[in-house]
Amino acid sequence: MKEVLIYGGLMVTLSMGIRHGFGLFNLPITSANGWGRETFALTIALQNLIWGAVQPVTGALADRYGAFKIMVAGGILYALGLAGMAISTDVMNFTLAGGLLIGLAQTATTYSVVYGILGRNVSAEKRVWAMGITAAAGSFGQFLMIPAEQGLLSMFGTQDALLMLALMASLMIPTAFMLREKNFTHNHNLGDQTIKQALKEAIGNPSFRYLTLGYFVCGFQVVFIAVHLAPYLKDLSSTHPAVGAPVVATTALALIGLFNIFGTYSSGILGQRFPKRYLLSAIYIGRSIAITAFLLLPPTPMSTYIFAAIMGFLWLSTIPLTNGIVAQIFGVKYLTMLSGLIFFSHQLGSFCGAFLGGYLFDQTGSYLIVWEIAIGLGVFAFLVNLPVKERAIHRVANA
Amino acid sequence: MLKRKPSIGKIIFYGFALFALLFVFSMYFAPDMMVAVTNQVWALCGW
């Protein structure tokens, strides 16, 4: 189990971390090539869309043929995508490398695939704890790689920094070898259910649908805040100059990253002891309360830091709990695929959070309405997670 | 019931982890980083 935790953690540290600093490359790349910022935005949007839409398919392949092979392919695609971004001089190649290749690579190297391995190799009693550890490793990767990538950019320039990241991404290949499941066979003594039957069973299950709806909200809130918090603070600077200072946005970003590590780790520990549905509900309502308080209180650097710390703590803490419930209800045979299916909903929410934030700001000249949507969705997710039934369905319980 | 004392190894591990986290946190305040984040804010406002 120790090996699975260490190498699974390393895999998501690399895959989640490297992509997290991409925003820093926006201006250097677009200005060097004379492209508009929408080029970079389109690449990242495509990457996220592919990650979400293809994740269930990659998940099904991993469940069918073994996660190891999928992760090796993912490591190769990740490195090729970064190298492609480094050497691209036209928009199409850049978009294909950064959007398509890295989007596909993410489906093969992030939480869903690693959780499939954890599910099969960690006992049910420790599963959510192990998922929490791995999620915390991914959170650490995100926290670490922003300043690390900025350091690479400053020292070596855009192209060499991307090539170094490609080299770093290639470490996923030996890491995947360390995660090879020696006794993996398709049936793996986990029953003879087919992919089609598993999909039908999950989609027909109300708890799965509730979790999927909740995860949409998670994606919406997290990405809206990640993309639009800094511009929101900058807009406030006309009436509250202290809040618009660059140091406030930087500190808020750093605090979200730091507390995200504590949050994901804690949710794994708590999820092992308390009903996960209640913890999920608490996370969603906690986010709504934090946003409401942030909007109602006079904006100051301190209120921003407290908000960032609370949101950071609640940031990705839904991941181990949601995936833990899926494993508990449906078993682990198709965990990667089902986890990927729920994640698709997360990515749709992410897209809506990023897009609506910008669109409604352009329409109304304010972020207020999107903040209100985020609060309302948090209340919705709080309610929708309460009736989730965590016990194993009949098929799994009798297996 | 007496609580078991955490081992020295565990204390060192947690101490090192805390140090590493604080070190990374401090890297966010490097001048290059501040400029990059500010640029990013401008870039996002332009989207």
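Me: What makes up chain A, in helices and strands?
Reply: Chain A has 17 helices and 0 strands. Both are DSSP runs numbered from the N terminus: H or I over at least four residues for a helix, E over at least two for a strand. This is a predicted model, in which local features need pLDDT of at least 70 and side-chain atom pairs count only at 80 or more, while totals for chains, interfaces and linings use all residues. Residues are numbered from 1 along each chain as its sequence is written, with chains lettered from A and ligands numbered from 1 in the order in which they are written.

Me: Why is chain A called as compact as a globular protein of that length?
Reply: Its radius of gyration is 20 Å, close to the 21 Å from the globule rule for 399 residues, so the description fits. The radius is taken over C-alpha atoms, and the rule is 2.2 Å times the number of residues to the power 0.38.

Me: How do you know how confident the predictor is in chain A?
Reply: Look at pLDDT, the predictor's confidence in each residue, from 0 to 100. The mean for chain A is 90, and 97% of its residues reach 70 or more. Among its elements, helix 12 (residues 276-296) of chain A has the highest mean, 97, and helix 17 (residues 394-397) of chain A the lowest, 69.

Me: Why does helix 1 of chain B count as lying largely in the open?
Reply: The number buried is 1 of its 20 residues, so that is the conclusion. Buried needs 20 or more other C-beta atoms within 10 Å of a residue's own; 12 or fewer is exposed, anything in between partly exposed, with C-beta atoms placed from the backbone. By contrast, 59% of the 399 residues of chain A count as buried.

Me: Which residues touch the most other members of the largest nonpolar core?
Reply: A:Met71, A:Leu82, A:Met311, A:Val326 and A:Leu338 do, in a core of 144 residues. Helix 7 (residues 127-169) of chain A gives the most to this core, 19 residues. Such a core is a set of buried Ala, Val, Leu, Ile, Met, Phe, Trp, Tyr and Cys residues joined through C-beta atoms within 7 Å.

Me: How many residues of chain A are in contact with chain B?
Reply: 24 residues of chain A are in contact with 21 of chain B, contact being C-beta atoms, placed from the backbone, within 7 Å. Helix 11 of chain A gives the most to chain A's side, with 8 residues.

Definitions and conventions:
Two residues are in contact if their C-beta atoms, placed from the backbone, lie within 7 Å.
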